[in-house]
Amino acid sequence: MSIGWLKDNKRGFRRRAFLAGAGTAVSLPILESLIPRDSRAFAATDTAKRLITYYVPNGHNMATWRPTGQGKDYTLNVTHLSLMDLKPDFMIISGLNNQPGVPDVVGDHAAGTSASFTATHALKSTTMLKLGVSVDQMIVNQFPKLTRIPSMQLGMEEGKLVGGCDSGYGCAYSNSISWSTATTALTKITNPQVAFDLLFMGDTSGGMSTPASQADLMKRRVYRKSVLDFVINGATGLSAKLGTTDGRKLDEYLTGVREVEREVETVTVMPASCKPVMAAAVPSGAWDKLAQTFADVMVLAMQCDVTRVFSFMFANAVTGRTYPALGATRGHHDISHHGGIQANLDLLTKISTFEVQQLAYLLTKMKAIPEGTNDMLYNSTLVFTSDVSDGNRHNHDDMPVLVAGHGGGMLNTAQHLVYPAAGKIKHGNMLTAALRTVGGTDLVGDGDAPLPEMLNM
């Protein structure tokens, strides 16, 4: 076991400690007791800014999505009631137009999904991909060595990135929202155990030592040892060096690590081959458990500053997922083609409400983590949207958009922004504004300026 330090790439200051041993590296939250005096002023202002892109498929029942009223004086609709206590921490935007998501003839879900965070029109082909860099990867490209893991791509449904999936569009357009180049879609992690292991693998970069091998991980599972068992002596010794506040902070953090570790063990299976796979499709009605486990992994990754950039797909485009616990025994995509039938619209509202409830879980967890004078949610920006607006119409105007967090104080939250359909305000301008909150300087897709009403200018 050893105690090491991650250093600021530009200034060389020691800003975050980690415990390492037996192929495990546990990054720790900022502990002021350990920071050298010449680095403390820097550390106090070195608040991490984060970006999360959060995708849900098939649009919504817009009649129960859109709030009533606008500006600061508005009323949440039924879909968002789980966010009531978080109303000061997000904004809902109506009337944005994502014209790049309009397909060539047919294929609205593939074209819309691929444009959700790129605001770029996809080349319709099953053999040749051409899109644009997604907003999350723009941050990675601009700040490639900001954290040990540049970004994490997560999702709750597996999906291939080759072949055709939607009316002549390549599967990558439907199954990935994160694009590192115009021709490269990134594969997402669909097993929270894999994501958790990635957080605590040792790494020779940034001063970490003893990189973990797959054998290390398998050994840990065979002997049912916690990741903390490999660094517990170091944690005990470190605790003795800390002040009361930092000691409590360390204890709460390590307790949280173990709780998430237990969670991932309950939603994954380890077959005889020892190859990690997602649990045989999580039991019906347990999608909330899987979504919340991924949320806990994301919060843990942010808390120990392993990465600051995430993309999360609740499900793939054109998903046939069912929600028996909600009474939705038909596939989500089928229900989204509601045909104006009230029973279908009611089911669609239930599914959207369920999705927003899982978002509320993540935001609540983030808000509960103190950071400096604020909290993790305050220092983050999360963009929640879908591939289409109304799944029956397949339209790409009046996009359902929710932006959460405060972007470190840059976002003008607690409002319902409403733009007229005729104005054709670009979805890409919203993404560009989100990019600005984490230091990005480029324009996203067809965007030509940051959406000014989103920002505290």
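**Figure 1. Leucine 81 in the loop between strand 6 (73-75) and strand 7 (90-94).** The model shown here and in the other views is predicted. Leucine 81 has a relative accessible area of 45%. Because partly exposed covers the range between under 20% and over 50%, leucine 81 is classed as partly exposed. Together with Val78 and Met84, Leu81 makes a nonpolar surface patch. The area of this patch is about 250 Å².

**Figure 2. The disulfide between cysteine 165 and cysteine 171.** How many disulfides does a search of the whole structure find? The search finds one. The S to S distance between cysteine 165 and cysteine 171 is 1.9 Å, within the 2.5 Å cut-off for a pair of cysteine sulfur atoms. The link is right-handed, with 90° about the S-S bond. Are the two cysteines buried or partly exposed? Cysteine 165 is partly exposed, at 38% relative accessibility. Cysteine 171 has a relative accessible area of 0% and is therefore buried, the limit for that class being under 20%.

**Figure 3. Cysteine 304, a buried residue.** The relative accessible area of cysteine 304 is 0%. This value falls under 20%, so cysteine 304 counts as buried.

**Figure 4. Serine 352 and the residues in contact with it.** Serine 352 belongs to helix 12, which runs over residues 342-367. Is serine 352 buried or exposed? Serine 352 is buried, because its relative accessibility is 1% and the buried class takes values under 20%. Which residues does serine 352 contact when its neighbours within four places in sequence are left aside? They are Gly59, His60, Asn61 and Thr79.

**Figure 5. The whole chain, as context for the close-up views.** In the predicted model, the chain contains 13 helices and 20 strands. Of its 457 residues, 58% are buried. Among contacts in the chain with a separation of 6 or more, 70% are between residues 24 or more positions apart. The chain exposes about 17,700 Å². Carbon and sulfur atoms supply 54% of that exposed area.

Note on methods
Residues are numbered from 1 along each chain as its sequence is written. This is a predicted model: local features need pLDDT of at least 70, side-chain atom pairs count only at pLDDT 80 or more; totals for chains, interfaces and linings use all residues. Side-chain values use heavy atoms; hydrogens and water are left out. Patches are made of residues with over 30% relative accessible area and no salt bridge: like charges are joined within 9 Å, nonpolar side chains (Val, Leu, Ile, Met, Phe, Trp, Tyr) within 5 Å. Accessible areas come from the Shrake-Rupley method with a 1.4 Å probe; for residues, only the protein chains shown count as cover. A salt bridge is a side-chain nitrogen of Lys or Arg within 4 Å of a carboxyl oxygen of Asp or Glu. Helices (H or I, at least four residues) and strands (E, at least two) are DSSP runs, numbered from the N terminus. Buried means under 20% relative accessible area, exposed over 50%, partly exposed in between (1.4 Å probe, protein chains only). Contact means heavy atoms within 4.5 Å.
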